[in-house]
Amino acid sequence: ISNLLRAQAGSGDEMPEMRPIGSNFVLLNAGVVQPELSLSAATVPQTWRLGPLQLDHGHNAYLEFAGTMTCRGLRPLSPCHLRMLRDGGDIVLTWIRCSRGDADAWDLTEIPLAEATEAYRVEIFTNGLRLRSADVPSPVFRYTAAEIAADVSIRPATLDVSVAQLSASVGPGSKLWRTLNV
C-alpha cells in the first residue's frame with residue numbers, strides 16, 4: 001500500500017515506521033463509531049454486540065464481546081515536531097500540540113485546545129534511566145545547565161525525550177518519543 005495518508009484520527013502512536021510485507025490492516029470508515037459513554041460508565045465492564053445495522057441485534061451475524069473500555073478515544077493525541085535548541089548550556093525543547101477537537105482545517109492559525117487547560121509532561125532519559133520529569137503549562141521546556149549537571153556527572157551524547165499532553169479527565173495522552181543528539 002502506498003500513497004495513503006496514515007496515522008489519522010489519533011492512530012499515530014500505533015504506526016511503526018515499517019510493517020512487514022503482507023501485514024494485515026484495518027481500513028476504518030464512517031461505519032466505525034465511538035460509543036458514547038460517560039467517564040464513570042467507560043471504566044465499568046460492558047458487554048457489546050456488533051453487527052450489521054439492518055439486522056436485529058439478536059441475529060447470529062452479530063459478534064459479542066465483553067470488556068472494559070480504556071477511554072483511549074478521550075486521551076490527548078501525541079504532540080509533534082519536537083525541536084531542540086541550545087541556549088548557552090541549557091537545552092530548550094519545543095513542540096506542537098495535536099488535538100482531537102476540530103483540528104483538521106488547514107487554514108487555522110492555532111488548532112483548538114480540546115482540553116480544560118494546556119499542560120504537558122516532559123520526561124528526560126539516558127540509557128533507560130529517567131533523569132527528570134516535569135509538568136509544564138505550554139509547549140516549551142528548558143532543561144537548564146544546572147539541572148543537567150545535577151542529573152548526570154558527564155553530559156551524555158544523546159537524551160531520550162518523551163512529551164505527552166495532559167488531560168484533567170483521563171491523564172497523560174499518547175507520548176511523543178525522540179532521541180536527541182545533545
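This is a short tour of the structure, stop by stop, with a suggestion of what to select at each one.

**Stop 1: the whole chain**

Start with everything shown as a cartoon, and keep in mind that this is a predicted model. You should find two helices and nine strands. Followed along the sequence, they come in the pattern α-β-β-β-β-β-β-β-α-β-β. Switch on a surface next: its accessible area is about 12700 Å², and carbon and sulfur atoms account for 56% of that. Of the 182 residues in the chain, 25% are buried. If you like contact maps, here is a number to go with yours: taking contacts between residues at least 6 apart in sequence, 50% join residues at least 24 apart.

**Stop 2: the three-stranded sheet**

Select residues 80–87, 90–96 and 140–143, which are strands S3, S4 and S7. Together they make an open sheet in the order S3-S4-S7, paired antiparallel. S3 and S7 each have a single partner strand, so they form the edges, and one side of each has no neighbour in the sheet. From one strand to the next, the twist averages 20°.

Now zoom in on S3 and S4. The two run antiparallel and are joined by six bridges. To find your bearings along this pair, label Met84 and look across to Leu93 in S4, which stands opposite.

**Stop 3: Ile91**

Stay on S4 and pick Ile91, which belongs to this strand. Is Ile91 buried or exposed? Its relative accessible area is 3%, so Ile91 is buried. To see what surrounds this residue, leave out residues up to four places away in sequence and show the rest of its contacts: Met84, Leu85, Phe141, Arg142, Tyr143, Ile148, Arg155, Leu159 and Val182.

Tyr143 deserves a distance label. Ile91 and Tyr143 are 52 residues apart in sequence, yet their C-alpha atoms are 5.1 Å apart.

**Stop 4: the four-stranded sheet**

Clear the selection and choose S6 (129–136), S5 (120–126), S8 (158–167) and S9 (171–181). What is the order of the strands in this open sheet? Reading across, it is S6-S5-S8-S9, with antiparallel pairing. The edge strands are S6 and S9, and each of them pairs on one side only. Here the twist averages 20° from one strand to the next.

Walk across the sheet one pair at a time:

- S6 and S5 are antiparallel and share seven bridges. As a marker, Glu123 has Ser133 in S6 as its bridge partner.
- S5 and S8 are also antiparallel, with six bridges. Glu123 serves as a marker again, with Ser162 in S8 as its bridge partner.
- S8 and S9 pair antiparallel over nine bridges. Look for Ala164, whose bridge partner in S9 is Lys175.

The last pair is also a hairpin, with three residues between S8 and S9. Before moving on, colour S8 by accessibility: eight of its ten residues are buried, so most of the strand is covered.

**Stop 5: Ser167**

Select Ser167, found in strand S8, and show its side chain. Ser167 has a relative accessibility of 7%, so this residue counts as buried. Which side chains make polar contacts with the side chain of Ser167? One is the side chain of Glu115, at 3.1 Å. Another is the side chain of Ser169, at 3.2 Å. If you set aside neighbours within four places in sequence, Ser167 is in contact with Pro76 and Glu115.

**Stop 6: two cysteines**

For the final stop, select Cys80 and Cys98 and draw a line between their sulfur atoms. How many disulfides does the structure hold? The count is zero. For Cys80, the nearest cysteine sulfur is that of Cys98, 3.7 Å away, and for Cys98 it is that of Cys80. A disulfide calls for sulfur atoms within 2.5 Å, so this pair is not counted as one.

Finish by comparing their exposure. Cys80 counts as partly exposed, at 21% relative accessibility. Cys98 also counts as partly exposed, at 22%. Buried means under 20% here, so neither residue falls in that class.

Technical notes. Residues are numbered from 1 along each chain as its sequence is written. This is a predicted model: local features need pLDDT of at least 70, side-chain atom pairs count only at pLDDT 80 or more; totals for chains, interfaces and linings use all residues. Side-chain values use heavy atoms; hydrogens and water are left out. Two strands pair if DSSP finds at least two bridges between them. Axes are lines fitted to C-alpha atoms, for helices over the stretch in contact, and angles run from 0 to 180 degrees between N-to-C directions. Buried means under 20% relative accessible area, exposed over 50%, partly exposed in between (1.4 Å probe, protein chains only). A polar contact is a pair of N or O atoms within 3.5 Å; within protein, one must be able to donate a hydrogen and the other to accept it, and residues adjacent in sequence count only if both atoms are side-chain atoms. Contact means heavy atoms within 4.5 Å. Accessible areas come from the Shrake-Rupley method with a 1.4 Å probe; for residues, only the protein chains shown count as cover.
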